[in-house]
Amino acid sequence: MIKFDAVSKRYPNGTTAVDDLSLDLPEGGVTVLVGSSGCGKTTTLRMVNRMVEPTSGTISVGGRDILEADAAELRRGIGYVIQQSGLFPHRTILDNIATVPLLLGWGRRKARARAAELLELVGLPTDAGKRYPHQLSGGQQQRVGVARALAADPPVLLMDEPFGAVDPVVRTQLQNELLRLQEELRKTVVFVTHDIDEAVRLGDRIAVFRTGGRLVQCAEPAELLARPADDFVADFLGAERGLKLLSLTTLAEVPYAPGQAIRADEPVDKISRDGARWRLVTSPRGEPLGWLDTDTLPSGGTAGEARLEAVRALRDTDSLLSALNEAVSSPAAAVARVTADGILTGLTSRDAIHERAGRSHAEAGRAAATKETAPDAPATKNATLRKTAPTAERPA
Ligand SMILES: Nc1ncnc2c1ncn2[C@@H]1O[C@H](COP(=O)(O)OP(=O)(O)OP(=O)(O)O)[C@@H](O)[C@H]1O
């Protein structure tokens, strides 16, 4: 969809911002550009919509050389989101979102209707449309920035550190929102970030640049984490790249056993002390409430009234990393598994999670090695990639 062919950008002061870049960005996927400061990420991004012109080489979008297109027409097909949302301070949110449709001559009513639709799409309440940018939080302003970029339904979205200025909690919410939108819209997204966790979370592919504008490696996240091309990439991914890889694999393939759950309304004097010391207590509907220590049962009352250790139940869509985290902190050395509605399905032992984690690494390493010898082979055949937002998340 977007193709860089031997593209370089040299500034008149002699700086080489991008050096001989050849890169294909797949249609409908998110390609994340990462690398140390000044390595040419923003320049690369801005060359796509001709805010920066390359010194040499060719860039094509949808098979068409961008230099052959009229710049204004090209930009209509490319949404652009930046770190400080870039909203017009004296226009209402609705009018900000309607900017491009109005420029396209849609007529005020149609443009505003589209803006209202987008407001909802990015998870903002209808009444936010009447407010001005300073009356929204930073996270909400970024959502408006995304809505504005999507207003004319462009096939391509350029995002330059769009979530860089918000706190980590809001950042996670915005990332989830983007994943949710992307599931629906399937835009071709180019996303610049400094944050490798964000890159792993959002990217279908990650392109790592080094100073001097050189592309070092471009690969799917699991492949990158399992087989960094060199020490520079490995250092950039950080010491925890093994754990990051686990964040890409879901619990779906990990088996569970029924376990001996106890209903909260069961009297404690009826609870058998045989079997596992720690038992999971559930609500009458089957929702996990906490772990009960059968070695220190109170003399009376029900299981639900006894002191319970906290449990964080996990769904099939949760990652192995979350499971590992839960398994090491659970007194029962096990993870409670639930359906999408939060009803207990069974327990998975810490050992089973360790075993799956080890296998996940081996599989990602093998898949990456296969890909090196046969470049068209899928890199992550067995690793279940998690590019969907958790369903429980609510907008900021
Ligand atoms: N207009 C310009 N004139 C001269 N040099 C420039 C210009 N714009 C950018 N550069 C230089 O080009 C190089 C790449 O800049 P660019 O902004 O693309 O990097 P980046 O990877 O996005 O950096 P950061 O992560 O810090 O935002 C840097 O050395 C920068 O100083």
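A good place to enter this predicted model is a turn between two strands: in the hairpin of S12 and S13, Gly286 adopts a positive phi near 105°. The hairpin has 5 residues between its strands. Strand S12 covers residues 278-282 and strand S13 covers residues 288-293. The two run antiparallel and are joined by 5 bridges. One of the pairings can be followed residue by residue, since Val281 has Gly290 in S13 as its bridge partner.

Stepping back from the hairpin, the protein as a whole contains 13 helices and 15 strands. Its C-alpha atoms fill a box of roughly 80 × 55 × 30 Å, taken along the principal axes. The protein is divided into two parts, with domain 1 spanning 2-238 and domain 2 spanning 257-353. Between the C-alpha centres of domain 1 and domain 2 there is a separation of 43 Å. Of the 396 residues of the protein, 42% count as buried. Contacts across the sequence can be described too: among those between residues at least 6 apart in sequence, 64% join residues at least 24 apart.

A ligand gives the next point of interest. It is surrounded by 13 residues, and the closest are Tyr11, Ala17, Ser37, Thr42 and Thr43. Which element gives the largest share of the shell around the ligand? That element is helix H1, residues 41-48, from which 3 residues of the shell come. By residue class, the shell divides into 9 polar, 3 nonpolar and 1 charged.

A closer look at a single residue, Phe232, rounds out the description. Phe232 belongs to helix H10, which comprises residues 231-237. Is Phe232 buried, partly exposed or exposed, and why? Phe232 is partly exposed because 17 other C-beta atoms lie within 10 Å, whereas a buried residue would need 20 or more and an exposed one would have 12 or fewer. Which residues are in contact with Phe232, once its neighbours within four places in sequence are left aside? The contacts are with Arg210 and Val216. Phe232 can also be placed relative to a residue from another stretch of the chain: Gly35 is 197 residues apart from Phe232 along the chain, and the C-alpha atoms of the two are separated by 9.8 Å.

Terms used: Residues numbered from 1 in each chain as written. Predicted model: local features only at pLDDT ≥ 70, side-chain atom pairs only at ≥ 80, totals over all residues. Near = placed C-beta within 6 Å. Helix = DSSP H or I, 4+ residues; strand = E, 2+ residues; numbered from the N terminus. Nonpolar A, V, L, I, M, F, W, Y, C, P; charged D, E, K, R; others polar. Domains from an automatic or database assignment. Contact = placed C-beta atoms within 7 Å. Pairing = 2+ DSSP bridges.
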